[in-house]
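Reader: Here is a model I would like to go through. Please justify each label you attach to it.

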Amino acid sequence: MSRLRLLETSEQPGEEKFQWSLRPTKLTDYIGQRDLLVRLDISIKAAVKRGEPIDHILLYGPPGLGKTTLAHIISNEMSSNIICTSGPVIERSGDLMGILTNLQYADVLFIDEIHRLPRTVEEFLYSAMEDFKIDFIVDKGPFAKTIKVNIKHFTLVGATTRAGLLSSPLRDRFGILHHVDFYTPGELCEIIKRSSNLLNVAIDERGALEIAGRSRGTPRIANRLLRRVRDYADVLGSGKIDYEIALKSLELEGIDSQGLDKIDIAYLKTIIDKYKGGPVGIDAVAATLNEEVDILQDMVEPYLLKIGYLNRSPSGRKVTHSALQHLGYDVSRFL
Ligand code: ADE
């Protein structure tokens with residue numbers, strides 16, 4: 001397992017349960033992603049009005065932005081069951097066959113990291129998505145026959161970090177495509193206040209904004225940082241979260257004023273120190289950092305691109321003047 005992946009999942013015990021307890025379960029409780037929510041609300045209401053399952057939905061965007069939460073909200077709003085799995089877990093078509101034949105009418109099948117489904121499984125899904133039929137192979141060798149089995153009309157909700165990673169036949173079978181984008185500091189501030197309320201923690205506006213500004217546009221990180229700041233406030237403060245408490249505890253966590261963590265900084269410094277600021281190919285950066293290209297592309301680069309610290313061009317990655325300034329380099333050396 002890659003080093004970053006380990007870091008990403010090296011959460012305190014109970015972290016996952018903690019995150020779940022804070023997730024909204026209804027569209028009306030969801031903060032941010034306004035355009036997406038308006039369109040999703042219409043699709044859900046139309047399906048409910050017609051008494052039909054909702055079309056297959058593809059959600060794409062960086063990790064931690066609410067794709068799984070949205071899948072649960074969709075099933076909740078449709079009053080249907082949700083069955084969750086992920087691309088790397090399904091190794092053979094047989095693994096999916098059992099799941100598909102057990103689905104009830106209008107159930108939601110959520111496949112996370114759908115771009116990582118093996119090609120044979122992906123092809124097996126095509127007729128399930130399109131005609132609600134699957135090919136069941138009986139017998140072996142010269143006696144092998146394919147029988148078409150009907151399955152119930154279900155909704156596939158697929159999630160992926162990059163829509164471009166999906167083959168076009170699979171992508172084309174989704175009727176609804178939504179891009180999930182980074183959240184603004186204002187939206188993250190609202191999410192943090194909502195979470196604090198659920199956790200019975202007192203927090204003021206400046207405290208919430210300080211956490212929001214360091215959360216890399218990501219609710220999962222915002223809630224994780226809130227947990228750290230709450231510990232700090234309980235042990236070294238009065239239990240209430242204000243600006244000073246938030247600032248001190250986040251500095252202690254090694255999260256800088258832009259929300260960059262050690263990995264973001266190592267990535268930027270590698271390009272600056274080893275490749276004169278770029279342009280440099282992603283493979284070279286990954287090799288220098290001893291990291292997987294996919295992990296850098298999915299987890300590190302999107303936010304750095306978003307805040308204008310990184311440029312991507314056909315000749316490679318290049319850090320920007322804002323990144324150099326933020327990290328305390330003399331920009332004139334890189335002109
Ligand atoms: N908790 C995590 N993500 C959230 C969101 N988008 N809205 C409200 N609460 C959340």
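Author: The answers below set computed values against their definitions. This is a predicted model, in which local features need pLDDT of at least 70, side-chain atom pairs count only at pLDDT 80 or more, and totals for chains, interfaces and linings use all residues. Residues are numbered from 1 along each chain as its sequence is written, and side-chain values use heavy atoms, with hydrogens and water left out.

Reader: What makes F132 and F154 an aromatic pair, and why is it called edge-to-face?

Author: Rings of Phe, Tyr and Trp (its six-membered ring) pair if their centres lie within 6.5 Å; planes under 30 degrees apart count as stacked, over 60 as edge-to-face and the rest as tilted. F132 and F154 are 5.6 Å apart, centre to centre, with 90° between the planes, so both conditions are met. A search of the whole structure finds 3 aromatic pairs.

Reader: What are the values for F182 and Y303?

Author: The centres of F182 and Y303 are 5.5 Å apart and the planes make 70°, so this pair is edge-to-face too. The pair links distant parts of the chain: F182 is in the loop between β7 (176–179) and α8 (185–199), Y303 is in helix α14 (residues 293–306), and they are 121 residues apart. Helices (H or I, at least four residues) and strands (E, at least two) are DSSP runs, numbered from the N terminus.

Reader: Why is A47 called buried?

Author: Buried means under 20% relative accessible area, exposed over 50%, partly exposed in between (1.4 Å probe, protein chains only). A47 has a relative accessible area of 4%, so the word buried applies. Its place is in helix α3 (residues 34–50).

Reader: How do you know that the charge of R173 sits over the ring of Y126?

Author: The definition asks for NZ of Lys or CZ of Arg within 6 Å of the ring centre and within 35 degrees of the ring normal. The charged end of R173 is 4.2 Å from the centre of the Y126 ring and is listed as sitting over it. R227 lies over the face of F18 at 4.8 Å from the ring centre.

Reader: What makes I31 and R194 polar contacts of the ligand?

Author: A polar contact is a pair of N or O atoms within 3.5 Å; within protein, one must be able to donate a hydrogen and the other to accept it, and residues adjacent in sequence count only if both atoms are side-chain atoms. A ligand nitrogen is 2.9 Å from a polar backbone atom of I31, and a ligand nitrogen is 3.1 Å from an N or O atom in the side chain of R194, so both distances qualify.
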